[in-house]
Amino acid sequence: ANDLASFHKDKGDGCKTCHQTPGKVADDSENYINGQCQSCHGDYSALKNPKLKIDPHNSHLGDIHCTSCHKGHEQSKVYCNECHSFDLKIPFNDAKKKEAWDAKWDQEKIQQAIAKGPVESTDVVVIGAGSAGYNAAIAAKQAGAKVILVEKAPFSGGNSMLAAGGMNAVGTPQQKAHHVEDKVEWFVEDTMKGGRYANDPKLVEILAEQSASGVKWLESLGVNMDDLKRSGGARVDRTHRPADGRSAGPTIVQALRKAADKYGVETRLNSRAEKLVLNDDHQIVGVVVHGKHSGYYMLSAKSVVLTTGGYGYNKQMIAFYRPTFKGMTSSNNITATGDGINMAKEIGASMTDIDWIQAHPTIGMDSRILISETVRGVGAIMVNAEGKRFVSELTTRDRASDAILKQPGKFAWLVFDNQLYKKAKMVRGYDHLQMLKKADTIADLAKLTKMDAKLLAGTISDYNEYQKTGDDKAFHREDMPLNLTQPPYYAVKVAPGIHHTMGGVAIDTKAEVLDLQSWPIKGLYAAGEVTGGVHGYNRLGGNAIADTVVFGKIAGENAATNALKK
Ligand code: MEZ
């Protein structure tokens, strides 16, 4: 057999092995086919193989559809390798290549779909199934609206699925339990200062004020957020994380997927929105969707919520808006291509701070893997190629990235000991990916990393002294939870990479998208990384998930209210 389809056809019940109606695919999401795969092969838990060093069926992507990687009539591909370079074999990856269905936006077909008119109607369409999209869709559904959530990728999650850190919130029972004193005003001040006061203060106030209810809402949808840590630029511990030490994003997205199903949100994968449709009064009346199998069609809707994420994986947009970042690696999901920004621009939406892009200081060198700020928050130090500290590890990301780019070789090492290895579980993931250097003594670690042994030993002994007295005489790091005294010692090499695009469509406090005259475009809402204004020129760690939850929910609720009004 040349491809997976012929293989199954020969072995099983012809085309019926996979298809309900031979010659037809029941839905763009390929739900039926996926069910057929699982009915023979079992679900992910049945497929996990503990003997494999890298097990693609046991990954942070969660329980995504089999057809995301295993294609019937075209080349199968290992999706993990969009970010990693695992030596994984997938059957039929030499099958005939087909042009990817999503390669082109066909303007003529878009116009034909509009001319034909809607083939379906709903109250609310949400575009993009990351955290903001799911939160908006669930909130709109809970408010009584009929909701369709469209996602261009064969799986949901977007950038949120890759979020390692957590969600900032103030005034939660978790902060109380950890005896953390915090105030809404402090959250606002930290966020404004981090954003160099370019943020929209009204949006920041909402973010802070509704952050605690955001955590509660996530808990009501099945997410545990009981651990707390500090992120760069925050004066206290306010980043809420799963208590089992797992990365926040995959945990949240997996729970949101289940909650969306439970509440009856219709989620369509492989379905790319390509055009926002307005009537003559400049009100939203629908969306043109390009489905993988169903082609172009128009969905009529009273409200549309844009939750398409940023443009951190769109090389042309990065090069255009920030030429100095051209060619830089990106921690972003391949879905972060700025589609929503471009669609909104096309219909006259206003943009806020569109050219502000955040480089995260610690992306694994020569990779796309984010080494979470949590590692520094829990206690790692950052040194240069010689073994010298050069900045407070807990400064804001823009400053940390700038400082690294001024070091020899434009990279840094995060250094920590066994205490941190035991405490921050995500570090085991980096170890599993063979990103860590490990040694029993500081001198051996220096040898492995080609640092100056004396300098590194001096740096660590100075830091341990600062940690003991609580006074970082060198860089005024405010929080030093751990010393570095317990072998083995570890180091991971890092450099800045594109992480978050702060700018995007302008919104008001109801998450309504604004036009060039700053009037709301009736029926159009947006939340999350597609928007600008919340983070100013620089986003603080832990504020992205907070943004997606707080404004996702606001956008969903207001979209439902608009759709259901008489
Ligand atoms: O909010 C983030 O982007 C974040 C906390 C990332 C991280 O370093 O873990």
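Begin by selecting histidine 499 and the ligand in this predicted model. An N or O atom in the side chain of histidine 499 is 2.8 Å from an oxygen atom of the ligand. Keep the ligand displayed and add arginine 397, which places a polar side-chain atom 3.0 Å from a ligand oxygen atom. Next, show the backbone of glycine 165: here a backbone N or O atom lies 3.1 Å from an oxygen atom of the ligand. On its own, the ligand has 270 Å² of accessible area, and the protein covers 96% of that area.

**The shell around the ligand**

Extend the selection to the residues that surround the ligand. These are Ala164, Gly165, His360, Leu370, Ser372, Glu373, Arg397, His499, Arg539, Gly541 and Gly542. Coloured by class, this shell comprises two nonpolar, six polar and three charged residues.

**The domains**

Now colour the protein chain by its domain assignment. Domain 1 spans 4-82, domain 2 is made up of 122-356 + 502-566, and domain 3 covers 359-497. Where does the ligand lie with respect to domain 2 and domain 3? Because both domain 2 and domain 3 give residues to the shell around the ligand, it lies between them.

**From domain 1 to domain 2**

Hide the ligand and select domain 1 together with domain 2. Their C-alpha centres are 30 Å apart. To display the contact region, select the 16 residues of domain 1 that are in contact with 18 residues of domain 2. The two domains bury about 1,400 Å² between them, with carbon and sulfur atoms accounting for 52% of this area. On the domain 1 side, pick out Asp28, His60 and Tyr79: these residues lose the most area to domain 2, and together they contribute 39% of what that side buries.

**Polar and charged pairs**

Which residue forms a salt bridge with glutamate 30? Select lysine 292 to see the partner; the closest N and O atoms of this pair are 3.1 Å apart. The count between domain 1 and domain 2 is one salt bridge. For residue pairs in polar contact, with both residues at pLDDT 80 or more, the count between these domains is nine. Finally, colour by class the side of domain 1 that touches domain 2: its residues divide into four nonpolar, five polar and seven charged.

Technical notes. Residues are numbered from 1 along each chain as its sequence is written. This is a predicted model: local features need pLDDT of at least 70, side-chain atom pairs count only at pLDDT 80 or more; totals for chains, interfaces and linings use all residues. Side-chain values use heavy atoms; hydrogens and water are left out. A residue is near a molecule or strand if one of its heavy atoms lies within 4 Å of it. A polar contact is a pair of N or O atoms within 3.5 Å; within protein, one must be able to donate a hydrogen and the other to accept it, and residues adjacent in sequence count only if both atoms are side-chain atoms. Accessible areas come from the Shrake-Rupley method with a 1.4 Å probe; for residues, only the protein chains shown count as cover. Ala, Val, Leu, Ile, Met, Phe, Trp, Tyr, Cys and Pro count as nonpolar, Asp, Glu, Lys and Arg as charged, and the others, Gly among them, as polar. Domain bounds come from an automatic or database domain assignment. Contact means heavy atoms within 4.5 Å. Buried area is the accessible area (1.4 Å probe) that two parts lose on being put together, summed over both. A salt bridge is a side-chain nitrogen of Lys or Arg within 4 Å of a carboxyl oxygen of Asp or Glu.
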